[in-house]
There are 2 protein chains.
Amino acid sequence: MARVTCPVLGRRIATAEEAAAHIRPGDSVGISGFTGAGFPKAVPQALARRIGEAHARGEEFRIGLWSGASTGPSVDGALAEVHGLDKRLPYSSDPALRRLINSGEVDYVDAHLSHSAQQAWFGFYGPLDVAVVEVAAILPNGLLVPGTSVGNNKTWLDRAEKVILEVNRWLPRDLEGFHDVYYGAAVPPHRIPIQLTHPLQRIGDPYLRVDPAKVVAVVETDAPDRNSPLDAPDDSSRAMAELLVDFLRHEVRAGRMPPGLLPLQSGVGSTPNAVMEGLLHAEFEGLTSFTEVIQDGLLDLLDAGKLASLSATSFGLSPAGQQRFLDNVGSYKGRILLRSQEISNHPELVRRLGVIAINGMIEADVYGNVNSSHVMGSAIMNGIGGSGDFARNAYLNFFVSDSLAKGGLISSIVPMVSHVDHTEHDVHVLITEQGLADLRGLSPSDRADRVIAHCAHPDYRDRLRDYVDRARAARPEARHTPHLLEEALGWHAAYLRDGRM
Amino acid sequence: MARVTCPVLGRRIATAEEAAAHIRPGDSVGISGFTGAGFPKAVPQALARRIGEAHARGEEFRIGLWSGASTGPSVDGALAEVHGLDKRLPYSSDPALRRLINSGEVDYVDAHLSHSAQQAWFGFYGPLDVAVVEVAAILPNGLLVPGTSVGNNKTWLDRAEKVILEVNRWLPRDLEGFHDVYYGAAVPPHRIPIQLTHPLQRIGDPYLRVDPAKVVAVVETDAPDRNSPLDAPDDSSRAMAELLVDFLRHEVRAGRMPPGLLPLQSGVGSTPNAVMEGLLHAEFEGLTSFTEVIQDGLLDLLDAGKLASLSATSFGLSPAGQQRFLDNVGSYKGRILLRSQEISNHPELVRRLGVIAINGMIEADVYGNVNSSHVMGSAIMNGIGGSGDFARNAYLNFFVSDSLAKGGLISSIVPMVSHVDHTEHDVHVLITEQGLADLRGLSPSDRADRVIAHCAHPDYRDRLRDYVDRARAARPEARHTPHLLEEALGWHAAYLRDGRM
Ligand SMILES: CC(C)(COP(=O)(O)OP(=O)(O)OC[C@H]1O[C@@H](n2cnc3c(N)ncnc32)[C@H](O)[C@@H]1OP(=O)(O)O)[C@@H](O)C(=O)NCCC(=O)NCCS
Ligand SMILES: CC(C)(COP(=O)(O)OP(=O)(O)OC[C@H]1O[C@@H](n2cnc3c(N)ncnc32)[C@H](O)[C@@H]1OP(=O)(O)O)[C@@H](O)C(=O)NCCC(=O)NCCS
């Protein structure tokens, strides 16, 4: 079956090279793609080749790249390799690009994922020259069947001066019906309430729209999404998952949570995925999810009939999970909706629905401030992603991490985090394989006692206690959040100097 | 005219001492009061006396105190003086209480003001034993005419086991009609969209409700709100106000802001107030405000016909402003609405309306992280208040401060803030009397150059530049957010050690 059945757009079919020729040095380019799903498969590589050739001729050629979130090695990786980027937003997890960001070559604007579309509309990032968006099909009337992520596609298609579409035959044609693209968004003062009260409620269209006059090329591709093998949960993720599921049980018993819980959001990573596995074997029924990314664990819950409905902006499956989805597309329809990331992560909706947010972290300090993004204060790992959208507005949030990193040379619980993404006001529960610290309603000083006792690794516990005790003693008139400023970041400095905390 | 015309509640009239006798050691007490407006005038003092007497007899007597925000010396101050508090939330600015918090005697739970009501409903703070709420009148049908702030009153009245009402004859009886108390709030999964699309739209009732069976005492009072004389804007606040108003002009010209701007939120303080004065003399017409507190500057704008509508949760007027309001109550009716703080500060509404948020800060670092609450990392000043609700969800936010504090011994622009309340992701524009740094869409490293050039005081500028340069050089592989961790907090440590940065 032909994927491009629109007569007007059918006339724009071009090669990836022809399409990439529309992108000029200095352009801002908005691409599709979120957690390795739905990124354009051909044009970025053609563009990378073009940039490489220009550089070989001694010509300047760099672009600004705006995405949904992370893409794949053939996008961020390929463009990093040819030094083709000067700006990147709002999220990336590519190792090659990370090196260039951390070297200072690429300016990285790390933004809340619910903010990126509106900030583009507000004009904070300047004009968008070209959009490159992957879709599953173009209908006769010119409407677009979205692919495996929605991300910022609506915004890029609306805002860009020129549009390049990639139609990927690898995507199941049956993706039609999996999307809900909200076209009610506006810029203040014209905004209205988003009338969504249930994760699976439709408030938009199953299709993306594009002004055909802007479409300069349609490129046909047949290539898979990136997919990352998922580590089987290790003992430590299992332990954290168990603590978390038990805590939810406890909250239900205390009457602070309905028996079917509240909509789950889980970050990418093996511990959040292990939590989903934990829920698979738990007693909860009729679960729902209002999340960013669909990992394997959520498919398991759907398959087991435990999860009734699932809203996200993207898939992020393992090879096995991807195959499972492709083999059973039809069975998931009506139980999964993919939305724009401004909707999947919207503060209004996260707070209204009362999401339970589960996210990874790099480190937390004894007072419950969380660092999600920076290693030793300076080097970016990935970025804040949607963790702030969810954590701030959640009914209940969890941050999870092993208590140790780098084989024990680093404690993930420190006197003071080297970078703050989530402040003490926004962090409810910390979990490591050592235990769980429920910080709700506690003062900073009480939080410290609990975090040290429950979450820190025994190898570092005494030193943390000693730090807090000495900080309390050093400035008896400043004991709200006791710190020794000469030492607060000393653990990190020691790691940089001596290779261990 | 009698203020208590409800026959049922009229039978509960009691003295402050009789009312205070209903409060037991260990109780959690929810009181009215926000920015010194609408706090109960008699019962807290009677309670403080009772606690003082109990302590004199060698008995334990401390309570947890929950408010809207700051109250007055006769509440926080009096209860601090007798050491009657063991927990306090979500905001206070009382100097006596601040000392006890910083000594470690009182546990202070510093929370986003839009979160406190819902966290009480979620059960995060435990049960609420008694509510003590000031009102302007009790109607024959038992409905309550609220006073000069709404704050968390609805929630405390609903949640408390016992209720004490103070009916304050000092409050103008004409306050009836100034309030809009939203009764549509619920706990997830039962929440629905808040159907508000304009600052002056009514979505609730003009009255507070109370279950008469819970009312254990009604106390009649006649006492003024606290009011703080407002410093006349000094040169430096005027300079900051001018920079801000000019920037808004620039945004309108660039098409990023409608000519009548977007709803204004301004924090308490002389610079935000000076901004209002600046707007008084500027060309903008048909302004609106969706804010927390009504300071004098907003009354000026109303009086001048520049401001068409004003939504807040509380007054926070100077003595002169208070008199002006009292003398002309009628003329303000229909142009001012007071709402619950969960509505005045609601992320859903702040984002939908596209608020322009203007707040003070203690310090910012070169990367644009902002500290609103902690002096030298440990001692609380006031708390985060509503600044996070507004800044995170604003269309455009500003943080303002003098570039120097303590007569120049402190630079308000530092290498790394000693405490983070607002992360780089949430901070758009910094203003000091030196200049304005527009940080939107910039990477951390670019932010640093701009903050140092535009906002730092010349006495500290070279040292800040030197810090960033050396940080960039020290770890060429970690230049996303360059830091020297051994030095990052060294300026603060030096101040604590040597009395100067
Ligand atoms: C924080 C985050 C990086 C953790 O990821 P993870 O896969 O669970 O954790 P890992 O233990 O594999 O750690 C990832 C890397 O950080 C390093 N790391 C972890 N803790 C560390 C610490 N305390 N100090 C220094 N490095 C640390 C690990 O060594 C690893 O680095 P490597 O790849 O060089 O070995 C990840 O959750 C993230 O990017 N979060 C931010 C965005 C987000 O929350 N998205 C979901 C919201 S929708
Ligand atoms: C941050 C805040 C304290 C600034 O208040 P302000 O009245 O504009 O500022 P001031 O310059 O008078 O400073 C207040 C105090 O902080 C001190 N201070 C200011 N900057 C400082 C710095 N960089 N380091 C140390 N102390 C500093 C001042 O010396 C003063 O202390 P003092 O009373 O002992 O002299 C105030 O805005 C606040 O509490 N904000 C948090 C809550 C909020 O934003 N509410 C509004 C949202 S709706």
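In this predicted model, A:Ala312 finds its bridge partner in strand S15 of chain A at A:Leu338. That contact belongs to the pairing of strand S13 (residues 307-312) with S15(A), which is parallel and runs over 3 bridges. Strand S8 of chain A, residues 179-180, is also joined to S15(A), again in parallel, by 2 bridges. Here A:Asp180 has A:Arg339 as its bridge partner.

Now look at the two faces of S15(A) itself. In a regular strand, side chains alternate between the two faces of the sheet. Across residues 336-339, A:Ile336 and A:Leu338 sit on one side, A:Leu337 and A:Arg339 on the other, and all of them are buried, so that both faces are covered.

The strand falls within a stretch that the unreviewed UniProt entry marks as "domain: Acetyl-CoA hydrolase/transferase C-terminal", residues 321-467 of chain A. Over those residues the chain is 34% helix and 25% strand, with its end C-alpha atoms 45 Å apart.

Let's turn to charged pairs. Over all chains, 64 salt bridges are counted. One of them links A:Glu348 to B:Arg352, at 3.1 Å from N to O. A:Glu348 lies in helix H14 of chain A and B:Arg352 in helix H14 of chain B, so this pair joins two chains. Both residues, A:Glu348 and B:Arg352, are buried.

Within chain B, B:Asp27 and B:Arg24 form a salt bridge with their closest N and O atoms 2.9 Å apart. B:Asp27 is buried, at 3% relative accessible area, whereas B:Arg24 is partly exposed, at 40%. Back in chain A, a network of salt bridges links A:Glu251, A:Arg256, A:Asp438 and A:Arg440.

Notes
Residues numbered from 1 in each chain as written. Chains lettered and ligands numbered in written order. Predicted model: local features only at pLDDT ≥ 70, side-chain atom pairs only at ≥ 80, totals over all residues. Heavy atoms only, no water. UniProt positions renumbered as here; feature names shortened; annotations may be inferred. Helix = DSSP H or I, 4+ residues; strand = E, 2+ residues; numbered from the N terminus. Buried < 20%, exposed > 50% of the residue type's maximum accessible area, 1.4 Å probe, protein only. Pairing = 2+ DSSP bridges. Salt bridge = Lys/Arg side-chain N within 4 Å of Asp/Glu carboxyl O.
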